[in-house]
Amino acid sequence: MTGFPLLRSRRLRQTEPLRALVRETRISVGDLVYPLFVVEGNGQKQEIATMPGIFRYSIDMLPGEIEGVAKLGIPAVILFGIPSNKDAFGSAAYHPRGVVQQAVRTVKQSVPELLIMTDVCLCEYTSHGHCGIVVDGYVDNDQTLKLLARTALSHAEAGADIVAPSDMMDGRVKAIREALDEGGFNHIPILSYAAKYASAFYGPFREAAESTPQFGDRRSYQMDPPNWREALREVEQDIAEGADMIMVKPALAYLDVLHRVRNAFNCPLAAYNVSGEFAMVKAAAQRGWIDERQTILEILTAIKRAGADFIITYHAKEAAPWV
Ligand code: PBG
């Protein structure tokens, strides 16, 4: 005899110790990466209206914040810079004393053991808000590569442990790898935002980073949301160009993509639980419409279950004591 009543799935669900014994997926604080926004100036801690509990910090305010992050056991942060001056070529992105470069030096000094990732992109630094150089209204791929490579190299020179290109130009991983190797940084890994979709879920981030495109949108370089096979091609190409780790972004509406990438490649895999995903949870929790803690833990667990090795998430600090 097989099946019910011989088999009863509920037997293993009766108590928490029993459920814990057979639990298939766990998150730990070591899986979480915390994003930080850095602005120029002094004494700044500006709350981002669309992301409750998330702030833009000036560099002098970073050590205090970073020490708190490290004390929670969070192993890594990813830094985003918001310069006070933007131009058509995003030159503040690769300036040796740019806001991110200075932030990296400061953070490395205050907490040397914390891993510092840097987002490599031009959109926060260009006056038009696009992720590359604009020529005749179109983002020029090959001219942008040189600037991305310069940006990544300047981050490594400042002391970044990992560089993470998010621009979605073709060939950027190769260009960055070559620049790092020639610059004496062949030991610095690249985390490529390999499958990054043109998503509405980045809305609150663009507000936080002041990086909304001034004309058009990002669909000529970020991926079209309906496509998953293309994601596998993007990942394959980035690994071939030298990516050490790859990322799928956003996470929640793309768990299928995450899972397929996990099955197809052995490379370490990250997921970005993006600003819009964070904002939805916060908005509903503020209204008392969902249980915030349960929701956050369920989301982070689902991202791991789908296949992520680690998760970049604005929930990292609040979730750290719970996991
Ligand atoms: C681009 C970048 C973006 C995000 C991370 N890197 C924005 C974009 O592509 O428009 C989004 C992250 C988030 O929404 O949390 N530098």
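About 200 Å³ of space lies in the second largest pocket, and that is a good place to start a tour of this predicted model. A pocket here is an open set of points on a 1 Å grid over the protein atoms alone, with protein on both sides within 12 Å along at least five of seven lines, whereas a cavity is a set of points where a 1.4 Å probe fits but cannot get out; lining residues have an atom within 4 Å of a point. Volumes are the space filled by probe spheres set on the points, which are joined across faces, edges and corners.

Some ground rules: residues are numbered from 1 along each chain as its sequence is written. Local features need pLDDT of at least 70 and side-chain atom pairs count only at pLDDT 80 or more, while totals for chains, interfaces and linings use all residues, and side-chain values use heavy atoms, leaving out hydrogens and water.

**Confidence**

The protein averages a pLDDT (the predictor's confidence in each residue, from 0 to 100) of 97, and 100% of the residues score at least 70. Among the elements, strand 12 (residues 310-313) has the highest mean, 99, and helix 6 the lowest, 92. Helices (H or I, at least four residues) and strands (E, at least two) are DSSP runs, numbered from the N terminus.

**Pockets and cavities**

Thirteen residues would be a lot to list, so here are those of the 13 lining the second largest pocket that lie nearest its centre: Asn141, Met168, Asp170, Ser220 and Tyr221. Strand 7 (138-140) and helix 7 (229-241) each supply at least two residues of that lining. The largest pocket is lined by residues that include Arg23, Arg26, Gln294, Arg305 and Trp322.

The structure also holds three cavities of 30 Å³ or more. Of the 15 residues that line the largest cavity, Cys123, Ser166, Lys196, Phe205 and Lys249 are the closest to its centre. Strand 9 (191-196) and helix 6 (203-209) are the elements that give two or more residues to this lining. The second largest cavity is lined by Met168, Met169, Asp170, Gly171, Arg172, Glu234, Gln237 and Asp238, and helix 7 gives the most, with three residues.

The table sets out the linings by class, with Ala, Val, Leu, Ile, Met, Phe, Trp, Tyr, Cys and Pro as nonpolar, Asp, Glu, Lys and Arg as charged, and the others, Gly among them, as polar.

| Space | Volume | Lining by class |
|---|---|---|
| Largest pocket | about 380 Å³ | four nonpolar, three polar, four charged residues |
| Second largest pocket | about 200 Å³ | six nonpolar, three polar, four charged residues |
| Largest cavity | about 100 Å³ | six nonpolar, three polar, six charged residues |
| Second largest cavity | about 50 Å³ | two nonpolar, two polar, four charged residues |

**Aromatic rings**

There are nine aromatic pairs in the structure. Rings of Phe, Tyr and Trp (its six-membered ring) pair if their centres lie within 6.5 Å; planes under 30 degrees apart count as stacked, over 60 as edge-to-face and the rest as tilted. Phenylalanine 55 and tyrosine 57 make a tilted pair, 6.1 Å centre to centre with 50 degrees between the planes. Lysine 45 lies over the face of phenylalanine 55, at 4.4 Å from the ring centre. A charge sits over a ring if NZ of Lys or CZ of Arg is within 6 Å of the ring centre and within 35 degrees of the ring normal. Likewise, the charged end of lysine 249 sits over the ring of tyrosine 202, 4.5 Å from its centre.

One aromatic cluster is formed by Phe37, Phe80, Tyr193, Phe205, Tyr272, Phe278 and Tyr314.
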